[in-house]
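Student: Please take me through the terms used to describe this model, setting each value against its definition.

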Amino acid sequence: MKSTYFYPAPSEDQQMILDLVVGFAKDELTSLAEAIDHQGEIPQALQEQMAEMGLLAIPISEDNGGAGFDFTSYVLSLAEIAKASGTVAMHLANQTTFFLEPLAQFATGHRAFDEVASGGALGALALLEDAGSFSGEGIQTSADGLKLSGQKSGVLGGEDAKWILVGAKEGDGISFFAFEKDRAGTYLSETSKRLGFRSLSSSTLTFENVTLSDEDRVGQAGDGAAILAFLHTRGLVALTAIAAGIADAAGEAAAQYATERKQFRRAISEFEAIKQRLASSVLAHGASMSLLLSCSRMIDDGIPCDQLARVAKVTATSGALEATDDALQVYGGYGFSQEYPAERFYRDACCLGVFLGGNDDSIQELAMTILPQ
Amino acid sequence: MDFQLSEELLQLQAEAKQVAEELIAPGARDRDENKVFPHDLLKICGDKGWMGCLVPKEFGGSDIGNLGQAVVLEEVAAACASTHVTVSVHNSLMSTPMKKYASAELQAKYLPQVASGAWLGAYLLTEPGAGSDAASLKTTAVEDGDSFVINGDKMWITTGDEARLGIVFARTELDESIRGPKAISAFVVDFEESGGVTFGKREPKLGIRGSSTVAVFLKDVRVPKGNLLGERGRGFNIAMDLLNGGRIGIAIQAIGIGRASFEHALGLVGSLERAGKPMTKSQIVQFRLADMATRLDAARLLALRAAVLRDNNEPHIKEASMAKLYASTIANQVCREVCELLGDAGIRDDGIAERLLRDCRVSELYEGTTEVQKLVIAKQLFADCEA
């Protein structure tokens, strides 16, 4: 029996949303996950259902138009949803953390908010410009004179989004703007799917002299550094949750298979080598969940956790990769078949390390924290 | 110790590289996306002699040995893993048993067709309930007059529904007192002549989607007694001997895929920047590439050592498993690291790195999983201690 990592016990509110999400994930999402992955899109009905359940804006206050739960409730929900479908969890994180949260925090009353929070349209963050570093340094796109020019790549869900949140240079600083993707001068110049998280496109957006207004602003001119840090930390914690869920799912599926599969006249789960493979999911999930809870509680209590968030994301994503690789191996030949879930977990996990600037960047930043100033 | 390939092999390698780059690589993405079996390319490989690397020239083979095969097929694997596995299985698991274990009559009838690639071959060992535990297979071959009648289900059969010929492993001793490996015999089955062979649907797979992988159902398949390969009751030994060669082939496949991914990254980093800095100036990038190149070279040395031992008829069970174990492990690492190194471009569908990552994963699964290789190696280590 797997023990809980949730200590102290969840509050009544946290338990309420978790019960709702666990029920939804088990009863509805699990059976849809394979088709969502295969077709590379989340059915409209499911998107509407999740919007009605309030899953798009879990950690945003009711005053600001959200569901009014804390960040811990949100990331624990993400982990449960990721256990059923990684790409649906990533879709929710993309709407919540990479779009609605910064709007709620830095641009109360922005006209994009209600439409995205209610599920009426999708949002996407357009930030990265080179091989994927998540920092202000790589940003060349300019918004000087409220004219936007430049190019953003790797936009998660950029193809289906109606609204985009763009970070650009303005004067000496970085500013953020949210506006409609169909605004004149905005082009979807490239789009494709990815190895994993297949409902979300990887898109390139090109801006040619797009006219911006102060209404589009998210935060004040030059506030970008604070928004970047906000996005980065919360994004890292959200990714930790998704990695934890995928590692858990892979381990549970492989354990089930290993119990049923017999070779050499016994269940393969009796072999030490198989147990070693299965344990890597327990290790990854355990480490990820305790780091996840520490981070989310710090965020709920307003304590900066940018360092721990990096530790969490690196630990969780590398753990998930190992756990899903090991789980696939437990399945033997069946692991390579798309009629079993192991290869989906593996594909999703292979992508995790890349998001938000990649683990190499996080590791470099972590080294800085123990160097004398 | 001679680490230099002969003039002849260097020429073969250069030719293979050119053919692979010009003819095989260009359609690889399309074959993956649309699950296209590489008929045209197999014809080219046949014309080049690569479908009969181990077949004597008198039967139309190129007879370049395991070393020659390894050198040539690495180029094919680097261009298209789906094409490679089809060619590799045909060579290691069809032409080899024909040459080593078939009667002169069978050789005369089949080897020329095998060597030219006109008739493709499949290897039918694995069953739904007999994967790593291959000796527990349930397919039976019962004597009936001048024939054996074979019944059973086979699983994960590479090239199954595209093959004309199969090497089928079946239980010939149904008496419960003769159990395990000693009850198994090997047969050549001509799918067209024998009747009773049907195929399942093609497996939807993570990678090598241009190759065919199917279940094969054998129902009252009648083969002449002369189609028995080697001695009755020696089938499992034959199966394992063939896998020793096959494992060198899969090691080479992994090395080819890993090399392709590595070379793709090496070619790209010169033009990429991260956080405003050229990637080639980054130690993270430099060290990762250095590690990849080192591991790929080490894997190739292991694989070529095993190939030379096999060519020289020297013991190579441990060495073949070591080559496959190491090559498949590090090639998958290389493919994953390249994807991570290239960022979002690495995991996009329209790039090459994500396909290579998907193609590569099977190298740790077929012709003996990573676990089976370790069991084989450990068993040999203990045997060496006792000797």
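Tutor: We begin with an open sheet of chain A, in which three strands lie in the order S2-S6-S5 with antiparallel pairing. The model is predicted: local features need pLDDT of at least 70, side-chain atom pairs count only at pLDDT 80 or more, and totals for chains, interfaces and linings use all residues. Residues are numbered from 1 along each chain as its sequence is written, and side-chain values use heavy atoms, without hydrogens and water.

Student: Why are strands S2 (147-156) and S5 (186-192) of chain A said to stand at the edges?

Tutor: Each has a single partner strand, so one side of each is left without a neighbour in the sheet.

Student: What makes S2(A) and strand S6 (residues 202-211) of chain A a pair?

Tutor: Two strands pair if DSSP finds at least two bridges between them. Seven bridges join S2(A) to S6(A), so the criterion is met. In one of these, A:Gln151 has A:Thr206 as its partner.

Student: How do you know that the span of helix H13 (residues 370-386) of chain B is close to the expected one?

Tutor: The expected span is 1.5 Å times one less than the number of residues. For the 17 residues of H13(B) this gives 24 Å, and the helix reaches 25 Å from its first C-alpha to its last.

Student: What makes B:Val376 of H13(B) a buried residue?

Tutor: Buried means under 20% relative accessible area (1.4 Å probe, protein chains only). B:Val376 is among the buried residues of H13(B), as are B:Val372 and B:Ile377.

Notes: Chains are lettered from A and ligands numbered from 1 in the order in which they are written. Helices (H or I, at least four residues) and strands (E, at least two) are DSSP runs, numbered from the N terminus. Buried means under 20% relative accessible area, exposed over 50%, partly exposed in between (1.4 Å probe, protein chains only).
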